[in-house]
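Here are a few short exercises to try with the structure open beside you. Have a go at each one before reading its worked solution.

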Amino acid sequence: MRKSGILSKQYIHRGLFQRGIWFFSSYLKVELETVTVNVTIQDFVADVVSELVFRNTQQVSKETVFIFPVDSDTVVHTFYATMGDTRIEAMLWEKEEAQDLCKATSGMENLRYLQDQWDLQGPVFACFLGTLPPNREVAISLCYVQELPLQPDGAAQFCWPGELFPDTEIMSYISAEEEVSKNLHFCIRLKSAHGVSHVAVNSSFTPLQYTAPDQTSAEISLKSSPCLRSHLNLLVYYRGPHALSAVVEKRDSKAPRGSLLGDPVVMLTLMPDIPEVVPDPGQLGEFLFLMDRSLFRDAQNTLLFLLKSLPLGCYFNIYSFGATFKAFYPQSVENTQESMDNAVGRISSICPDLGGCDLLGLLRSIYSTPLLQGHHRQLFIFIKRKISSEEEAVMAEVYRYRDHHRCFCFPTNRCDSFNLSQAMALETKGECVCIHSRMDMTSEALKCLQRALQPVATGISLHWKLPPGLEVSTIRKAPEIIFQGHQSSIYAQIHGQAQVRVDAKGDGGAVTLQSHVGSQSFTYTLRFSLSPSSDDRLPVHRMAMMHLLWKLAWEGTSRADETTQHSAVKCSISLGVPSPFTSSVAVRMTQRDAWHHDSLPPDSSMLLSPSCNLVPCQLLWLRGFRAVWFKSTKFWMVQKCQFCLEMLGRKAPDTEALTQLSASCKERKLLPEEQAMEEPPAFNMSWDWTISPLSTKLCDFSRLRVVVALQKANGSWALTAALVSALGLSKADVEGQRPSEDVQPTAWATVLALVWLHQYKWKVSWSELLEAKACRWLRDQAEVQLDECLEAANSLLGCFVEPSIFRI
């Protein structure tokens with residue numbers, strides 16, 4: 001099974017415990033016998049205590065490793081495994097001391113091999129547990145806290161992986177369900193000052209039972225695991241509409257006052273009400289397009305559609321990166337007709353670069369540029385190359401500025417940096433879409449642009465009102481913006497001594513949230529108790545500690561500041577909260593030593609005892625070659641179909657007519673009656689864009705590109721010879737069918753182009769934003785006879801587009 005003390009690739013791959021979020025690995029499958037989970041959910045924070053018992057049912061010993069994915073909103077603070085009289089416990093140590101200990105740990109090469117050779121990707125906590133003899137069991141205790149995401153309908157979502165439920169045989173489901181329920185103990189307690197309304201669970205569960213007369217607390221239990229090994233998905237709904245929630249946690253009575261543990265901590269969850277449509281959206285944002293130069297041939301159409309879909313008044317810039325990076329403009333420019341024409345003309349100047357991938361340098365350059373007042377920053381990142389040597393540094397930069405921007409990432413299906421792309425998107429509440437083909441890129445990018453153009457809440461501020469003697473110190477401040485459908489968690493420390501007695505029935509404290517959506521202002525005030533029920537597990541303090549430790553790291557705490565550094569390490573260890581100042585080390589000991597350890601702080605001298613030794617255990621970033629959900633049949637089918645289409649369609653589209661059209665427009669002198677028809681902007685019509693035969697039959701993409709390239713930044717089209725030709729019409733037909741001489745040529749051309757685009761909508765959905773811009777421009781024009789123009793356009797183009805198009 002071993003090769004030079006390293007787990008072989010075959011060993012690891014075959015040991016994958018199904019697929020999903022968590023993994024428990026061994027050469028042969030280890031049976032999960034008992035699952036005990038207690039979850040406490042208070043508003044949008046969950047405290048999870050779990051114990052998983054696995055048994056080796058085979059007649060051979062098995063070497064095992066436990067792997068648990070982590071993210072920036074999850075704090076794993078307790079992990080230990082018990083096998084007989086042996087206990088393996090993960091501990092936090094000062095970083096340099098931990099590194100020295102790891103050097104003395106045998107088997108650390110297993111973790112390094114795991115990091116490079118495991119076929120999955122992502123940041124994980126990994127611990128090798130050693131050999132599990134036949135018919136022996138291992139009990140794993142895992143405790144963590146996490147912020148819960150907000151769903152579009154306002155629910156807090158909690159997930160538990162289906163792989164960590166006892167097996168249920170499909171063929172004998174009823175009897176298996178009865179057997180599973182004996183080994184499944186899954187209790188969920190719910191708390192909220194707003195009141196718990198109801199829950200939705202994709203599994204059978206006991207009725208919601210309230211444990212408080214005012215229905216501010218309740219609990220349920222699972223009767224069985226979800227069907228077909230699905231993940232448990234729990235949605236918790238709270239009473240009444242609310243844009244703000246507060247969870248206050250009491251101080252630790254053992255900690256000195258003034259410290260984070262020694263003071264109460266409040267967690268605020270901001271969920272401003274953002275309407276779907278805003279009459280006056282105000283400033284529309286800053287859009288930055290980052291293009292891997294190895295993708296430039298495939299991405300030029302995508303950049304064209306993205307640029308043309310941007311609204312007037314927003315700001316944009318285009319960056320290309322490879323071994324170095326370049327920007328179209330020194331800083332973002334306002335979207336005007338001049339800047340749009342200039343950018344479209346420069347797209348084809350992007351040169352291929354198959355060298356390195358300096359995404360880190362580019363991000364640092366962007367983040368060092370001041371934000372434009374009132375214009376929220378959004379990044380569209382198209383990437384093909386691997387940048388694994390800098391993944392941690394890239395994520396550190398993204399994490400540092402995650403409250404100031406959002407990332408939409410588009411890795412190709414053969415991209416080795418898919419997981420990094422996904423992590424950047426999740427960290428900034430954006431979206432990561434894997435691009436399977438050239439056809440996908442434009443479509444998916446425009447879908448994300450539609451999301452990026454949705455209204456946002458800006459000008460966010462918090463105003464506190466506390467009894468005299470109490471003050472608030474914000475650990476994580478309010479973000480610059482909150483996007484539609486998202487929430488933001490704020491942590492604050494309440495310190496001082498109240499001059500009056502504060503009880504649970506008193507007014508306590510209050511906080512007011514102010515925000516702006518477009519020209520509208522919103523204000524919401526929430527009152528909260530300053531005498532909450534005690535929670536010895538301190539979930540809110542742990543989350544606040546995590547944000548405080550990262551804040552100290554970003555502010556550049558150095559060795560020169562020994563007091564701050566020592567305090568940060570001490571706090572990190574005391575609560576078991578991983579930080580930039582600490583690292584994990586696992587210790588194997590007997591149960592007797594474990595009892596002794598529980599009463600004493602960690603001491604490296606303990607590791608010299610003959611009864612305990614070090615175990616490979618670290619937070620790792622797996623650099624695998626595929627993401628978990630890529631193993632689905634659906635994805636495989638998409639890949640195979642796309643491959644077949646592209647193999648059949650190696651012929652590039654006929655661009656000769658486009659080239660001639662562009663040249664003739666520049667060389668031919670316009671007739672007097674065509675003076676209103678302007679020249680098209682400089683635009684490279686000879687891009688190498690491989691189209692499959694099936695796609696070519698659906699739509700003439702060459703003509704589509706010309707029509708899109710000719711649209712003005714304000715959404716209109718000029719009546720030019722190039723546009724008439726691209727629409728498949730003649731000048732005489734266009735002039736002859738114009739409803740009347742009172743209809744301006746630009747308005748008539750815009751209606752024609754709008755109708756032409758709309759008739760292809762069932763084939764290509766890329767034009768929705770372009771149509772919306774055109775409709776807004778038409779509605780703003782005085783005395784435009786839209787009904788007559790639409791009827792004439794339908795007749796001329798031989799189609800039927802309803803008047804509802806103008807209400808896009």
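**Exercise 1. Charges over rings**

Find the ring that the charged end of Arg406 sits over, and give the distance to its centre.

*Solution.* Keep in mind that this is a predicted model. Start at the charged end of Arg406: it sits over the ring of Phe483, 3.6 Å from the ring's centre. To count, the CZ of an Arg has to be within 6 Å of the ring centre and within 35 degrees of the ring normal. Now try Arg346, which lies over the face of Phe328 at 4.8 Å from the ring centre.

**Exercise 2. Classifying aromatic pairs**

Decide how the rings of Phe44 and Tyr238 are arranged, and where the two residues lie in the chain.

*Solution.* First, the overall count is 14 aromatic pairs. Phe44 and Tyr238 are one of them, with 6.1 Å centre to centre and 65° between the planes, an edge-to-face arrangement. Next, locate the partners: Phe44 is in the loop between strand E4 (31-42) and strand E5 (45-55), while Tyr238 belongs to strand E16 (residues 232-238). They are 194 residues apart, and the pair links distant parts of the chain. Finally, check exposure: both Phe44 and Tyr238 are buried.

Now repeat the steps for Trp464 and Phe528. Their ring centres are 6.3 Å apart and their planes stand at 80°, so this pair is edge-to-face; the cut-off for that label is over 60 degrees. Trp464 is in strand E26 (residues 456-465) and Phe528 in strand E31 (residues 520-528), so the pair ties together parts 64 residues apart in sequence. For exposure, Trp464 has a relative accessible area of 25% and is partly exposed, whereas Phe528, at 6%, counts as buried. The limit for buried is under 20%.

As an extra, look for the aromatic cluster formed by Phe289, Phe380, Phe382, Phe408 and Phe410.

**Exercise 3. The surroundings of E16**

Work out which strands pair with E16, and in what sense.

*Solution.* Begin with strand E11 (residues 156-160), which pairs with E16 in the antiparallel sense over five bridges. Here Trp160 stands opposite Leu232 of E16. Then take strand E13 (residues 196-201), also antiparallel to E16 over five bridges; Val199 has Val236 as its bridge partner in E16. To finish, consider burial: six of the seven residues of E16 are buried, so the strand is largely enclosed by the rest of the structure.

Notes. Residues are numbered from 1 along each chain as its sequence is written. This is a predicted model: local features need pLDDT of at least 70, side-chain atom pairs count only at pLDDT 80 or more; totals for chains, interfaces and linings use all residues. Side-chain values use heavy atoms; hydrogens and water are left out. Rings of Phe, Tyr and Trp (its six-membered ring) pair if their centres lie within 6.5 Å; planes under 30 degrees apart count as stacked, over 60 as edge-to-face and the rest as tilted. Helices (H or I, at least four residues) and strands (E, at least two) are DSSP runs, numbered from the N terminus. Buried means under 20% relative accessible area, exposed over 50%, partly exposed in between (1.4 Å probe, protein chains only). Two strands pair if DSSP finds at least two bridges between them.
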